[in-house]
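Trainee: Could you take me through one part of this model in close detail? I would like to start with a loop and its backbone, and then go on to the aromatic rings.

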Amino acid sequence: MIDFGTYTLPYCSFGAQPHVGVGLRDQILDLTSAAASLLPAHATLFARGNLDAFLAAGPQVWAEVRSALAAWVVDGRAADYLVPADGVGLHMPFTVADYVDFYASENHASNLGRIFRPDSEPLTPNWKHMPIGYHGRAGTVVCSGTSVVRPSGQRRPPGAEISVGPSQRLDIEAEMGFVVGTGSTLGEPVGMDAFERHVFGACLVNDWSARDIQAWEYVPLGPFLGKSFATSISPWIVPLASLESARVAPPARTEKLQAYLDDSDSPPWGFDIALEVAINGHTISRPPFAGMYWTAAQQMAHMTANGATLRTGDLFASGTISGPDRDQRGALIELTWNGKEPVELPDGSGRSFLEDGDEVVISATAPGPDGATVVFGDVRGTIAPAR
């Protein structure tokens, strides 16, 4: 049972007839019903049972609704609209418009460089000059709890012939995702100073990866079928307003940045978020988000630098989160050093990559004000056999 406390106030879509909900302690506040009675000016924003209209309403409305929720908690009006969270079905909280995945952890990028290019510099020459990313497939972003069918595709292990079949090197990627509320105009870049005007909140992401399919296909255009089969997100969207106390400065920059990415005199947009990754109930890693080299504000600025638009419901993810220590790595390919050092589970089995039936759960918390804890809930998925 997840206990969100009374500060986080994360949003979800829940129930047989979907309503917008807000996590409150171990219950869900039925915001669709409450707004009709207590917040009539904004009631239509929640009538369809997901966050789409609310996201598009913009930061003033986001603030007004959060203020009203906080007041209802204090004066007791929230009690009339609470339902038990246990056993309630949760749905995709918003419609994903576009999906972009970045590669923002220096530790992760350096580890993969050492694995695949042991005789070269771990980082590519462009890595510290711009956030590296790729466009994913919005249609295969799924809600936590959706089974992940083992993908099939072309593979060519070193020294072997090309074959087609189920991935043998299915992996996880522990990430944070950022959800766009208000859109932008085609041809007009969006600067880092506009981050809070466009981005509503954050969620947990597991960007599942078929490493063997990816290894054969990614040259020269990058990830495709090895990534596009599924990306899981948590059903709870934590508003940026809940993360004020978690904001921290990113790591020191070691290269001079172009003006649109230079955050040396900007408010800090790193976040002190502690993640935990478990396989079949056993924790295998605790990745720290605070060490990510590129911030979400820089990522937003870079993906619009050419005039590309933001749209309501856009999702952009951080890329794998990894710290400097082995038990802080956010992907099995790093944890096992490309399968050479399997992770041991309590049942005596080892994992180089995921097996059918494995359940992966990623959870996270962050500091709030006055000792409060911001709770993200979790994102979970179980591997189903290839079809």
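Mentor: Happy to! Let us begin with Asn 280, which is found in the loop that runs between β20 (274–279) and β21 (282–285). Keep in mind that this is a predicted model. Asn 280 is not a glycine, yet its phi is positive, at about 50 degrees. Its relative accessible area is 39%, so Asn 280 counts as partly exposed, a class that lies between the 20% and 50% limits.

Arg 25 makes a good companion to look at next. This residue is not a glycine either, and its phi is positive at about 55 degrees. The loop that holds Arg 25 sits between β2 (19–24) and β3 (27–30). With a relative accessible area of 42%, Arg 25 is partly exposed.

One more loop deserves a stop for its backbone. Val 219 and Pro 220 are joined by a cis peptide bond, with omega at about 10 degrees. Pro 220 belongs to the loop between α6 (211–217) and α7 (225–228).

Now to the rings. With a limit of 6.5 Å between ring centres, the count comes to 15 aromatic pairs. One of them joins Phe 54 and Phe 200, whose centres are 5.5 Å apart; the planes meet at 75 degrees, which makes the pair edge-to-face. Phe 54 is in helix α2 (residues 52–57) and Phe 200 is in strand β14 (residues 199–206), so this contact ties together parts that lie 146 residues apart in sequence. Phe 54 is buried at a relative accessible area of 0%, and Phe 200 is buried too, at 3%.

Tyr 293 and Trp 294 also form an edge-to-face pair, with 5.4 Å from centre to centre and 75 degrees between the planes. Tyr 293 has 1% relative accessibility and counts as buried, while Trp 294 is buried with a relative accessible area of 2%. The ring of Trp 294 has a charged partner as well: the charged end of Arg 253 sits over this ring, 5.9 Å from its centre.

A similar arrangement can be seen at Tyr 7, where the charged end of Arg 66 sits over the ring at 5.2 Å from the centre.

Finally, have a look at the cluster that ring pairs build from Phe 102, Phe 178, Phe 195, Trp 269, Phe 271, Phe 289 and Phe 316. If you select those residues together in your viewer, you can follow the links from ring to ring.

Note on methods
Residues numbered from 1 in each chain as written. Predicted model: local features only at pLDDT ≥ 70, side-chain atom pairs only at ≥ 80, totals over all residues. Heavy atoms only, no water. Phe/Tyr/Trp six-rings, centres within 6.5 Å; stacked < 30°, edge-to-face > 60°. Helix = DSSP H or I, 4+ residues; strand = E, 2+ residues; numbered from the N terminus. Buried < 20%, exposed > 50% of the residue type's maximum accessible area, 1.4 Å probe, protein only. Lys NZ or Arg CZ within 6 Å of the ring centre and 35° of its normal.
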